[in-house]
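Work through these exercises with the model open. Each task is followed by its solution.

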Amino acid sequence: MRLLAATDFALRALMRLAAEPERRMSTEELARELGLSRNHLHKLVQALAAEGLVATQRGAQGGVTLAQPPDQIRIGEVVRRMERDQALVECFRADGGACTLTPRCRLKSALAGAEFAFYRALDAVSLADCLPPAPR
């Protein structure tokens, strides 16, 4: 399975915010740390805010923070939300795709099982689980 670059960067942004959950980070600073353009990060933050994963505040003291504690954010749910419109294979598309093998294909059930297992594994991981241990 391959994640969209936007999903990859969304996970990185969430992990960075989770490292200091009480701190509000500017999009400028977050973009610089992640190696993204400010415009690209802005779109990503908008998507994460729309999903209720981050909270944003405008102004001189503005920035972005997690909207939930890191231990309440499941990685599987983040990936599902960010990959919502991406079918694993054509026949998984909402419209059924245009695969001519669909009526007699036996691969679809195996792929569905693999996708289910992928998300089940990610559902077992919280954002807090992705953080390095705190220094002693």
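**Exercise 1. Compare the span of helix α3 (residues 38–50) with the expected span.**

Step 1. Count: α3 has 13 residues. Helices here are DSSP runs of H or I with at least four residues, strands are runs of E with at least two, and both are numbered from the N terminus.
Step 2. Take the expected span, 1.5 Å times one less than the number of residues. For α3 that is 18 Å.
Step 3. Compare: from first C-alpha to last, α3 reaches 18 Å, close to the expectation.

The model is predicted; local features need pLDDT of at least 70, side-chain atom pairs count only at pLDDT 80 or more, and totals for chains, interfaces and linings use all residues. Residues are numbered from 1 along each chain as its sequence is written, and side-chain values use heavy atoms, without hydrogens and water.

**Exercise 2. Sort residues of α3 into buried and exposed, and explain the pattern.**

Step 1. Apply the cut-offs: buried is under 20% relative accessible area and exposed is over 50%, with a 1.4 Å probe and protein chains only.
Step 2. Leu41, Leu44, Val45 and Leu48 are buried. They sit on the same side of α3 because they cover an arc of only 100° around the axis, taken from the directions from the axis to the C-beta atoms.
Step 3. Recall the geometry: an α-helix has 3.6 residues a turn, so residues three or four places apart point the same way.
Step 4. Turn to the face away from the buried side. Asn39, Lys43 and Ala50 are exposed there.
Step 5. Find the cover. It includes α1 (5–19), α2 (27–34), β1 (54–57), β2 (63–66) and α4 (75–82), by contact (heavy atoms within 4.5 Å).

**Exercise 3. Describe the largest pocket and the part α3 plays in its lining.**

Step 1. Define a pocket: on a 1 Å grid over the protein atoms alone, an open set of points with protein on both sides within 12 Å along at least five of seven lines; lining residues have an atom within 4 Å of a point.
Step 2. The volume is about 380 Å³.
Step 3. The lining has 16 residues, with Thr27, His42, Thr56, Gln57 and Arg58 closest to the centre.
Step 4. α3 gives the most, six residues. α3, β1 and β2 each supply at least two.

**Exercise 4. Do likewise for the second largest pocket.**

Step 1. Its volume is about 320 Å³.
Step 2. Of 18 lining residues, Glu83, Gln86, Ala87, Leu88 and Glu115 lie nearest the centre.
Step 3. α4 and α5 (107–123) are the elements giving two or more residues. α5 gives the most, with three.

Technical notes. On a 1 Å grid over the protein atoms alone, a cavity is a set of points where a 1.4 Å probe fits but cannot get out, and a pocket is an open set with protein on both sides within 12 Å along at least five of seven lines; lining residues have an atom within 4 Å of a point. Grid points are joined across faces, edges and corners, and a volume is the space filled by probe spheres set on the points.
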